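Could you walk me through this model in the viewer, telling me what to select at each stop and what I will find there?

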Amino acid sequence: MSTITVPPAGSAVAERPAPAHRPGGRLDSLRLLSYVLMVAVVLIYLYPIAYLVNTALKSDSEFIANPNGIVRHPMVSNFVTAWRQGNFGASVLNSVLYTAVAAGLGTVTSLMIAFPVARGYLKHSKLWAGLFAAMMFLPNTLVTLFQLALHLHLYDTRLGYMLILASGVGVGPLLITGYLGSIPREIDEAAAMDGAGYLRYLLTFLPTLLRPVLSTTFILQAIGVWNDIILATILFTDKSKFPVTLGLFAFKGTYVSQWSLLSAATLIVATPLLIVYVFLQRYLVASVVGGAVKG
Amino acid sequence: MHRNYIVFGRRWTAQWTFLVGMSLIIVFSLVPAVGILVISFTDIRSLPFLPTHWVGLDNYRTFFSSAQLAYNTKALKNTFEFAISVTLIQNVVALFIAVLLNQALKGRTFARAVVFLPTILGVTVIGLIFSLIFNPSGGPAEALWNLFGGSSAFFGDPGLAMALVIFVQVWAGIGVAVVIYLAGLQAIPQELYEVADLDGASRWQQLRQVTIPWLAPSVTANTLLSVIGSLQSYQLIYVLTGPSNPATQVLSLAIFTAAFGGGAGGSVASQGYAAAISIVQFVIVLVVALATLFYLRRRETAL
């Protein structure tokens, strides 16, 4: 809706050669200062994580005796205990399921509604496009979602939770509508001439053509679903259905101030994310910029 | 010219696939959104077998009644304190980090990745990390405090809890803002700096005359994102201090506690009342967002 002139998502992380710096002695000290500041920024982010790892390896008694020192007798058993007591295998799997299904369904939905509107294949397309923009801006619906789940018998069900999260498509339809502007209509026509029906075109041709924007849509929604804790809190009572956010939070409630165990549990949850991040980092960053700028 | 022209023969398929997609959104997003307004005029409760009545504007009267006024004013004040601080600090620091990491420094790609990391860690992991750091019985923050001869309950200290929550929110959310600013910085044509150099402009003048005007659209995007986000956010506050800590009670959490209990505002305990708070919040967000957008757009053209 807003026309903000920031380059397309892909170029956001593209390494452009940095401006040639003007020569001069003063700039060398400036560069040194820049390095010092950069290291400081990195430390502000890595220190808390390093402290977490350090604590996770300590025994309770070592943590109490020396909370801030570097671990002397590393204990891997914390991880085993945390994994068993916290049942994190199940809650991680739940989160993966919720994220994949909700973000996947949300992305397909975004495509199904955005394509005909972008192409003007429906009456009142302009009106629908306006609705897509308005959908970004809704009140807090916790109460009605709870009542809706109750009345549709979706309370405390995985299905209800995933359907609600899937419907939160956010910026998705707008992103896809925008991207379709760069796909010539002639491609639609050519496919139709070759005998492809609408449905086949929508579900097999378009996903290939729109891959960058569809993955952006998916990733943006996936981050939101993965992070949810409030909706899970109000919809689930059955612990075996908890996503990992809620599972970890409940674990914290049970093992108050057993910091070594809590740290081990936190790391168990964080490690797969860190691994995914190492591989998908550029992609994730580009997606978030692409989505944010559009909003 | 192409309006309503469809290349795929019958329009019917386009219509029903659109309807299938829209029905998911209508049922689980739009109906709940409109429903919030409707049930804000009722006394609906969390137990389905209790009768529901129309109560007119009672819930709104309750919100502004003297019994609730102190609590709600506090929630409003907290919401604004949180939103304004997060928006200002996050934008200024993010711009600073973006300018820093836009220079030709070795390791800047790594630094950018590190700053963005919290976006994927998620609120519970971040909440637990900072509960550990600000652990009042022997965390590193406590050790630092002790060096200066003090001691603090951190998240348990009503005078400090809000500041710490703001800090953690900025720590967690700044990555997105940095990346948006970096994208904006890279869109500035380098020739402009070269010309400015030839004209003998100082670094400060270059920042003022070139960088800032060119970044105005990114500033608008970032400011709007953090204003709207922080006026409605509660996941991180919920994890750090719980739903009903008066020092960090924001409107979103007031909705949560009114509807689902666990809070000091629980005397009313009607979801109709919670819905009324949602509407009040919605109006506030709408007004603030539009005002911010209007103001920033005017500044953009003025620059």
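Here is a tour that goes from whole chains to single residues and back out to the contacts between the chains.

**Stop 1: colour chain A by confidence.** This is a predicted model, and a colouring by pLDDT is a good way to begin. Chain A has a mean pLDDT of 85, with 89% of its residues at 70 or more. Among the elements of chain A, select helix α8 (residues 158-167) for the highest mean pLDDT, 97, and helix α1 (residues 9-12) for the lowest, 39. Next, select residues 1-24 of chain A, where the pLDDT is below 50. Beyond near neighbours in sequence, this stretch has 45 contacts in the model. Take care here: where pLDDT is low, predicted coordinates should not be read in detail.

**Stop 2: show chain A as a cartoon.** You will see 15 helices and zero strands. Of the 295 residues in chain A, 45% count as buried. Among contacts in chain A with a separation of 6 or more, 78% join residues 24 or more positions apart.

**Stop 3: select residues 172-180 of chain A.** This is helix α9, and it is mostly covered, with eight of its nine residues buried. Among the buried ones are Pro173(A), Leu174(A), Ile176(A) and Tyr179(A).

**Stop 4: select residues 198-209 of chain A.** You are now on helix α11, whose buried residues are Tyr198(A), Tyr201(A), Leu202(A) and Leu206(A). Why do they lie on the same side of α11(A)? They cover an arc of only 95° around the axis, which puts them there together. In general, an α-helix has 3.6 residues a turn, so residues three or four places apart point the same way. Turn to the face of α11(A) that points away from the buried side, and you will find the exposed residues Thr204(A) and Thr208(A). To see what the buried residues of α11(A) pack against, add α5 (88-119) and α10 (185-193) of chain A, along with α1 of chain B.

**Stop 5: move to chain B.** Its secondary structure comes to 13 helices and zero strands. The radius of gyration of chain B is 24 Å, well over the 19 Å that the globule rule gives for 303 residues, so chain B is more spread out than a compact globule. Along its principal axes, the C-alpha trace of chain B spans about 75 × 75 × 35 Å. Of the residues in chain B, 45% count as buried.

**Stop 6: select Asp58(B) and Val170(B).** Asp58(B) sits in helix α2 (residues 58-64) of chain B. Is Asp58(B) buried or partly exposed? Asp58(B) is partly exposed, because it has 19 other C-beta atoms within 10 Å, while a buried residue needs 20 or more. Draw a distance from its C-alpha atom to that of Val170(B), 112 residues apart along the chain, and you should read 38 Å.

**Stop 7: bring both chains together.** In the model, 91 residues of chain B are in contact with 86 residues of chain A. Select helix α1 (residues 12-39) of chain B, which gives the most to the side of chain B that touches chain A, with 17 residues. Coloured by class, that side of chain B has 59 nonpolar, 28 polar and four charged residues.

**Stop 8: finish in the largest nonpolar core.** Of its 164 residues, Ala265(A), Val178(B), Val179(B) and Ile277(B) touch the most other members. Helix α8 (residues 161-186) of chain B supplies the largest share of this core, 18 residues. Centre on Ala265(A) to end: leaving aside its neighbours within four places in sequence, Ala265(A) is in contact with Ala82(A), Gly86(A), Phe88(A), Leu248(A) and Phe251(A).

Note on methods. Residues numbered from 1 in each chain as written. Chains lettered and ligands numbered in written order. Predicted model: local features only at pLDDT ≥ 70, side-chain atom pairs only at ≥ 80, totals over all residues. Contact = placed C-beta atoms within 7 Å. Helix = DSSP H or I, 4+ residues; strand = E, 2+ residues; numbered from the N terminus. Nonpolar A, V, L, I, M, F, W, Y, C, P; charged D, E, K, R; others polar. Core = buried A, V, L, I, M, F, W, Y, C linked by C-beta atoms within 7 Å. Buried ≥ 20, exposed ≤ 12 C-beta atoms within 10 Å, placed from the backbone. Arc of directions from axis to C-beta. pLDDT = per-residue confidence, 0-100. Rg over C-alpha atoms; globule rule 2.2 N^0.38 Å.
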